[in-house]
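User: I'd like to go through this model and ask what stands behind the labels people put on it. Can you take my questions one at a time?

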Amino acid sequence: METSFAITGKGYLIMAADTTAARSIVKMKIDEDKIKTLSPHLLMAYSGEPGDTVQFAEYVERNIRLYQIRNLYPLRPAAAASWIRRALAESLRSRKPYSVNLLLGGYDTATHDPHLYWVDYLGTMAEVPFAAHGYGSYFALSLLDRYHNPEATLEEGLDTLRRCLDEVAKRLVVSPGKYKVKIVDKDGVREIEL
Amino acid sequence: MTQPVQQAFNPYTENGGTILAIAGADFSVIAGDTRQSEGYSIQTRYAPKVFRLTDKATLAVNGFAADGNMFVKKVRQRLEWYRHAHAKDMPIRAIARLIQTMLYARRFFPYYVYNILGGIEEDGTGAVYSFDPVGSYEREACRAAGAAQSLVQPFLDNQIYFKNQTPAPGTSFPKHLPLFTVLPLVIDSFTSATERHIEVGDGLEIYVVLAKNSDSLQGLQAIGGIQEVTANTDGERTFVIRRDLKKD
Amino acid sequence: MAGGVCIADCQYWETYLGMHCRLHELRNRERISVSAASKYLSNLVYSYKGMGLSMGTMICGWDKTGPAVFYVDSDGTRLKGDLFSVGSGSTFAYGVLDQGYHWDLSDEEAQELGRRSIYAAGHRDAFSGNTCNLYHVKEDGWKFIGNYDISKMHYEGPGNVPGAPGGGYGYDLRVEGRSSANPPPVAATA
């Protein structure tokens, strides 16, 4: 099952999403990237209805890029999150809504702090210190309640993420195989191997 | 309190009957029975299901009769427009593609009909094209469709494609059968289907389309009640054979 | 390109896609890329989402970027990869395909693997079978390799084709003469 996590720490945000693309009982692909880099300091993990996910993510990507081209500076995380939430909420009230769940993580270069938003297909949004989507969330959220530290260093943050992934691998029947992990901090976005 | 009641209008019905078509080397045979029924009632004993479109194309339509008649009407209309625009008849492979687009245009409210198109290709070979209700199609050597498809098709597979038969040592099966072999197979298919299927019977219409200068004409002489439909004898020629089938 | 499930949807829209690839070529004096062709189809079927279209397709080709395979289905999914199988028999094909696949397959090995995988699907899946068409796409375009009868492949093999081991693919033929019996050694009698 599709699973994604995100954790904030001191001056950074880590985002992880599984890399399988499945159709019924078949894994069609095992290295699909489900985290989009929307701007130099903004990440978005997406999951949900096949087809809707990529279409919505590309729609968001292009609008965020358009804003940057028109105004010569990117949207800050809170503003981007508001715009994206609004796009989902309006879609929900249309004839054919997007069924897409999101984790939005960014680093605000003006205030020097990471921001994380949990967004679901209904347009529900919450700013949180850590978040998860999918079946993995049932294991990870309690774990993060116990172990998350907002002042953790990047290494400590990655250790906590590892705890999440290990727990999911241990207890979830249909656990994902591989994850893609991305970090955003003052230097921008980078991908790491866990 | 009363439970909510779901109401639905069903715009479709099944009108029975069976059609088939067989392609030869330089001819094509398209046949259908003439009974039209709904449930256990016979609506009419003579409702043609096989229609001549051009000198070299004949269409058989089976399933929901109202849709079938409407569809044939619209195909003929398009073929007439083509004649006005191009001063010639549309080739059969183009008619086949036209039928696909016309059927697929109604993908979300289909014509509830199975079509079989028979005739002569531009290169003078016999052709049969079969369609499903939303326009998927294929060129074949023989095809049965309709109520008795499950009775007739296996018989044709055995007698035309020689399925489940092994040739005698040192021999091989012919790729195309001559007309004088094909016609009795068609007649036997329908008499048998009439015996075993309640929706098949009353009358049989067999259209034979012959390629230009075809010598298959000899095979037709032996058949009684044959009638030529085409006016000129120098191009492709179409004949029709009408026969009685059991009416019970 | 290969289709599955609802035949009319695949037949119609694949013809339509072919038409627009040709138009792209005429308008831009350049062949359409595999990526663009597949996205054309995926955007098209996505616009019909929820209306009951049923297709699973693979768009395969060679463009400026080299060889490419895209999987596109009617829920709008579009995936780039180097190995896909589609349709009701796809699980059976994957079983053979995945185990025999590696990046450095020769032309003949790749063709044989494709043929053997479709045979597996045709043999195990009731809705797949009859015959198998094989195409090979390289830098200079596609080439039709052949049409193979599944039953013939079962009993006699694909015939005299490069890459084939010779003999039928059928299990019974493959294990002929072998036995799993493991009787204890018979004590030597004097």
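Analyst: Sure, here is a run through the labels, each set against its cut-off. Keep in mind that this is a predicted model.

User: Let's start with C:D9. Why is C:D9 called buried?
Analyst: Buried means under 20% relative accessible area, and C:D9 comes out at 0%, so it qualifies. It sits in helix α1 of chain C. Leaving out residues up to four places away in sequence, C:D9 touches B:Y104 and B:R107 as well as C:G52, C:L53, C:S54 and C:M55.

User: And what makes B:Q6 exposed?
Analyst: The bar for exposed is over 50%, and B:Q6 has 73%, so exposed it is. You'll find B:Q6 in the segment before β1 of chain B. From B:Q6 to B:E205 the C-alpha distance is 43 Å, with their positions 199 residues apart in sequence.

User: How do you know that A:S47 counts as buried or exposed?
Analyst: Its relative accessibility is 11%, and with the buried cut-off at 20% that makes A:S47 buried. A:S47 is part of strand β6 (residues 42-48) of chain A. Apart from sequence neighbours up to four places away, it touches A:E2, A:T53, A:S99, A:V100, A:N101 and A:H133.

User: What makes B:E195 and B:K246 a salt bridge?
Analyst: The rule asks for a Lys or Arg side-chain nitrogen within 4 Å of an Asp or Glu carboxyl oxygen. Here N to O is 2.8 Å, a pass. B:E195 belongs to helix α4 of chain B and B:K246 to the segment after β13, so the bridge ties together parts 51 residues apart in sequence. B:E195 is exposed at 51%, while B:K246, at 43%, is partly exposed.

User: Why is the pair C:K138 and C:D107 said to tie parts of the chain together?
Analyst: C:K138 is in strand β4 (residues 131-138) of chain C and C:D107 is in helix α4 (residues 107-124), so the pair links parts 31 residues apart in sequence. The N to O distance is 2.6 Å, inside the 4 Å limit. Both ends are partly exposed: C:K138 has 36% and C:D107 has 30%.

User: What about C:E112 and C:R115, where do they lie?
Analyst: Both are in helix α4 of chain C, three residues apart, or about one turn. Residues three or four places apart in an α-helix point the same way, because there are 3.6 residues a turn. The closest N and O atoms of C:E112 and C:R115 are 2.7 Å apart, so the 4 Å rule is met. C:E112 is buried at 10%, and C:R115 is buried too, at 0%. Across all chains, the rule gives 33 salt bridges.

User: How do you know that the span of helix α2 of chain B agrees with what a helix should give?
Analyst: Take 1.5 Å times one less than the number of residues. For the 13 residues of 92-104 that should be 18 Å, and the end C-alpha atoms are 18 Å apart, which agrees. The buried residues of this helix include B:I92, B:I95, B:L98 and B:Y104.

User: How does helix α2 of chain C do on its span?
Analyst: Its 14 residues (34-47) reach 20 Å from first to last C-alpha, close to the expected 20 Å. Among its buried residues are C:V34, C:A37, C:L41 and C:Y46. Their cover includes α1 (52-71) of chain A, plus α1, β1, β2 and β3 of chain C.

User: What is unusual about phi at A:S24 and B:N164?
Analyst: Most residues other than glycine have a negative phi. A:S24 has a positive phi of about 50°, and B:N164 has one near 60°. A:S24 is in the loop between β3 and β4 of chain A, whereas B:N164 is in the loop between α3 and α4 of chain B. A:S24 has 71% accessibility, so it is exposed, and B:N164, at 83%, is exposed as well.

User: Last one: why say that chains A and B don't touch?
Analyst: Contact means heavy atoms within 4.5 Å, and no contact joins chain A and chain B. Their closest C-alpha atoms lie 18 Å apart. Two pairs of chains do touch, and A with C has the most contacts.

Methods. Residues numbered from 1 in each chain as written. Chains lettered and ligands numbered in written order. Predicted model: local features only at pLDDT ≥ 70, side-chain atom pairs only at ≥ 80, totals over all residues. Heavy atoms only, no water. Helix = DSSP H or I, 4+ residues; strand = E, 2+ residues; numbered from the N terminus. Buried < 20%, exposed > 50% of the residue type's maximum accessible area, 1.4 Å probe, protein only.
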